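This briefing summarises the fold, strand pairing and burial of the protein shown below. Points are grouped by topic.

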Amino acid sequence: MSKPDYLLVDVAAMVESEQTNQMSLTVVVNGAVITGRLAPEAMWRQRVAEVLKDSDRLGPFSTIFMAAGAGPRSEQGEPPTHLHFHVARILQGSLGIPETGGMYRIAIKDVSAWTVGDFSYSDH
């Protein structure tokens, strides 16, 4: 999308304002289907920092995610520009990658289609 979908911006803003991680969403970005739950940016940053901190090679990068002034746009009075997914999967056929779910940051302006809810997969 050349301009962000304002309804999707409102969904992201509500997730930010209510600090909830229970909103399930599925989006299409550059042909990829990503499904999972939205998280407030601060929560997402904290979780990514925790994962990086536990890594011998990537530990130093954890500070970037928790740096002062790197807070969510909502704290700065601006509408969200990104969706922050956790326990999210990229759908590939009948598979969800990664199997355990991942942490994705997606620019709202890049979302070409979306729906409320997430898709489940099975081996059946």
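**Overall architecture**

The protein has three helices and five strands as its secondary structure. Read from the N terminus, these elements follow the order α-β-β-α-α-β-β-β. The coordinates are those of a predicted model.

**Global burial and contacts**

- The protein comprises 124 residues, 33% of which count as buried.
- Among contacts in the protein with a separation of 6 or more, 61% are made by residues 24 or more positions apart.
- The exposed area of the protein is about 7700 Å², and carbon and sulfur atoms supply 55% of that area.

**Strand pairing**

- Strand β1, residues 24–29, pairs with strand β2, residues 32–38, in the antiparallel sense, and six bridges join the two.
- Within this pairing, valine 29 is placed opposite alanine 32 of β2.
- The hairpin formed by β1 and β2 has two residues between the strands, and asparagine 30 in this hairpin adopts a positive phi near 50°.
- Strand β2 also pairs with strand β3, residues 82–92, again in the antiparallel sense, over five bridges.
- In that second pairing, arginine 37 stands opposite histidine 86 of β3.

**Histidine 86**

- Histidine 86 is located in strand β3.
- Its relative accessible area is 12%, under the 20% limit, and histidine 86 is therefore classed as buried.
- Apart from neighbours within four places in sequence, histidine 86 contacts Asn21, Gly36, Arg37, Leu38, Ala39, Gly102 and Met103.
- Arg37, one of these contacts, is also the residue opposite histidine 86 in the pairing with β3.

**Helix α2**

- Helix α2 covers residues 41–53, and its 13 residues should span 18 Å at 1.5 Å a residue; the end C-alpha atoms lie 18 Å apart, so the expected and computed values agree.
- The buried residues in α2 include Glu41, Trp44, Arg45, Val48, Ala49 and Leu52.
- These residues cover an arc of only 135° around the axis, which means that they lie on the same side of α2.
- In general, an α-helix has 3.6 residues a turn, so residues three or four places apart point the same way.
- The cover over the buried residues of α2 includes α1 (6–18), α3 (62–65), β3 and β4 (95–107).
- Strand β3 thus appears in two settings: β3 is part of the cover over the buried residues of α2, and β3 pairs with β2.

Methods: Residues numbered from 1 in each chain as written. Predicted model: local features only at pLDDT ≥ 70, side-chain atom pairs only at ≥ 80, totals over all residues. Heavy atoms only, no water. Pairing = 2+ DSSP bridges. Helix = DSSP H or I, 4+ residues; strand = E, 2+ residues; numbered from the N terminus. Expected span 1.5 Å × (residues − 1). Buried < 20%, exposed > 50% of the residue type's maximum accessible area, 1.4 Å probe, protein only. Arc of directions from axis to C-beta. Contact = heavy atoms within 4.5 Å. Areas by Shrake-Rupley, 256 points an atom, 1.4 Å probe, with all protein chains shown as cover.
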